[in-house]
Amino acid sequence: MNTDILLACLGIFFGELYGNFVGWGSLVTQIFLQHVIGFDIKNAIALDNAAVLWSEIGLLAMLLRKQKIEIWMWWVVWISSLWALFGANLLNIVPTEIMKIIFTLAIVWLVIKNLFFSSKETKERGFIFTKNNLILLCIASFFIATYNAFLSVWDFIIGLLVLTSIFHFKYHRALFLLTFGFVFARAVWTLEYFRLGLIDLDFYIPMFISAMGSWIIAWYFVEKIKSDILGKILKYLSVLLAGYLIFQLL
């Protein structure tokens with residue numbers, strides 16, 4: 001294994017480990033891929049987005065122990081998978097310089113939110129299944145899946161915020177629906193990334209395995225060492241990481 005592949009594996013390992021505790025793991029992975037190894041931003045995002053598939057498969061397997069799949073959820077899966085193709089092609093089409101601007105703006109918002117906006121608890125009323133709500137949910141799935149395939153920063157967090165804040169899903173139900181949809185959508189956009197030539201197989205397979213190892217370790221320790229203090233430390237660290245990326249991109 002050459003040095004660049006080893007660094008890519010370390011990047012996604014620590015990124016996924018970090019992300020499982022506090023979120024924003026792609027910041028860590030992107031620093032390794034874009035600024036340590038020197039990947040083009042499109043290839044870095046494609047590799048990051050595709051290699052974490054196993055993490056979501058593992059998360060889905062754990063959630064299925066307590067959550068049940070309902071028939072209407074397959075509409076979300078179908079819509080998400082369909083528009084994942086659009087997002088993957090959008091990543092391929094948009095010029096690199098514009099991608100850097102979009103990527104930077106996403107990180108700037110992350111910094112602003114961490115510094116100036118405190119987290120507010122959302123009242124969990126639960127999702128009420130109606131025909132109109134399902135239609136709106138499918139529309140939201142279109143935007144979430146497109147964004148996720150196009151840009152790796154904030155992808156999972158944005159999805160959770162939409163489901164809990166707008167559709168009033170309870171957190172664990174939102175996490176389950178999002179993971180259920182992502183497993184299929186991520187598989188679709190991964191195949192599309194390969195078709196478009198955005199992913200190097202020599203990097204992808206070791207990174208996929210590394211992400212799997214990170215997920216196993218994170219889920220073993222997360223309940224034992226996570227605390228409010230650790231969460232605050234990691235959030236401030238995410239601001240430092242975001243600041244570094246903004247400096248590099250500008």
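Student: How many disulfides does the count come to here?

Tutor: The count comes to zero disulfides. Keep in mind that this is a predicted model. To be counted, a pair of cysteine sulfur atoms has to lie within 2.5 Å.

Student: Okay, and what makes Cys-9 count as buried?

Tutor: Buried means under 20% relative accessible area. Cys-9 has 10% relative accessibility, so Cys-9 counts as buried. Try Cys-138 the same way: its relative accessibility is 12%, so it counts as buried too.

Student: Let's move to the rings. How many aromatic pairs are there?

Tutor: The count comes to eleven aromatic pairs. One of them joins Trp-75 and Trp-78.

Student: Why is the pair of Trp-75 and Trp-78 called edge-to-face?

Tutor: Ring centres have to lie within 6.5 Å to pair, and planes over 60 degrees apart count as edge-to-face. For Trp-75 and Trp-78 the centres are 6.5 Å apart and the planes sit at 80°, so the pair is edge-to-face.

Student: How do you know that Trp-75 and Trp-78 are separated by about one helical turn?

Tutor: Both sit in helix 5, which covers residues 73–93. Trp-75 and Trp-78 are three residues apart there, so about one helical turn separates them.

Student: And why does Trp-78 count as exposed?

Tutor: Exposed means over 50%. Trp-78 has 51% relative accessibility, so it counts as exposed.

Student: What makes Phe-180 and Phe-184 an edge-to-face pair?

Tutor: Their ring centres are 5.6 Å apart and their planes are at 90°, which is over 60 degrees, so this pair is edge-to-face. Phe-180 and Phe-184 are four residues apart in helix 9 (residues 171–196), so they too are separated by about one helical turn.

Student: Is Phe-180 buried or exposed?

Tutor: Phe-180 has a relative accessible area of 3%, under the 20% cut-off, so it is buried. Phe-184 has 33% relative accessibility, in between 20% and 50%, so it counts as partly exposed. Phe-180 and Phe-184 also belong to one aromatic cluster with Trp-74 and Phe-176.

Student: Now the helices. Why are helix 5 and helix 9 called oblique to each other?

Tutor: They pack at an angle of about 40°, with their axes 8 Å apart. Roughly parallel needs an angle under 35 degrees, and roughly perpendicular runs from 65 to 115. About 40° fits neither, so helix 5 and helix 9 are oblique to each other. Helix 5 passes helix 9 in a right-handed crossing.

Student: Which residues, by class, does the contact of helix 5 with helix 9 have?

Tutor: That contact has 17 nonpolar, five polar and three charged residues.

How values were computed
Residues are numbered from 1 along each chain as its sequence is written. This is a predicted model: local features need pLDDT of at least 70, side-chain atom pairs count only at pLDDT 80 or more; totals for chains, interfaces and linings use all residues. Side-chain values use heavy atoms; hydrogens and water are left out. Rings of Phe, Tyr and Trp (its six-membered ring) pair if their centres lie within 6.5 Å; planes under 30 degrees apart count as stacked, over 60 as edge-to-face and the rest as tilted. Helices (H or I, at least four residues) and strands (E, at least two) are DSSP runs, numbered from the N terminus. Buried means under 20% relative accessible area, exposed over 50%, partly exposed in between (1.4 Å probe, protein chains only). Axes are lines fitted to C-alpha atoms, for helices over the stretch in contact, and angles run from 0 to 180 degrees between N-to-C directions. Angles under 35 degrees count as roughly parallel, over 145 as roughly antiparallel, 65 to 115 as roughly perpendicular and the rest as oblique. A crossing is left-handed if the near helix is turned anticlockwise from the far one by less than a right angle, and right-handed if clockwise. Ala, Val, Leu, Ile, Met, Phe, Trp, Tyr, Cys and Pro count as nonpolar, Asp, Glu, Lys and Arg as charged, and the others, Gly among them, as polar.
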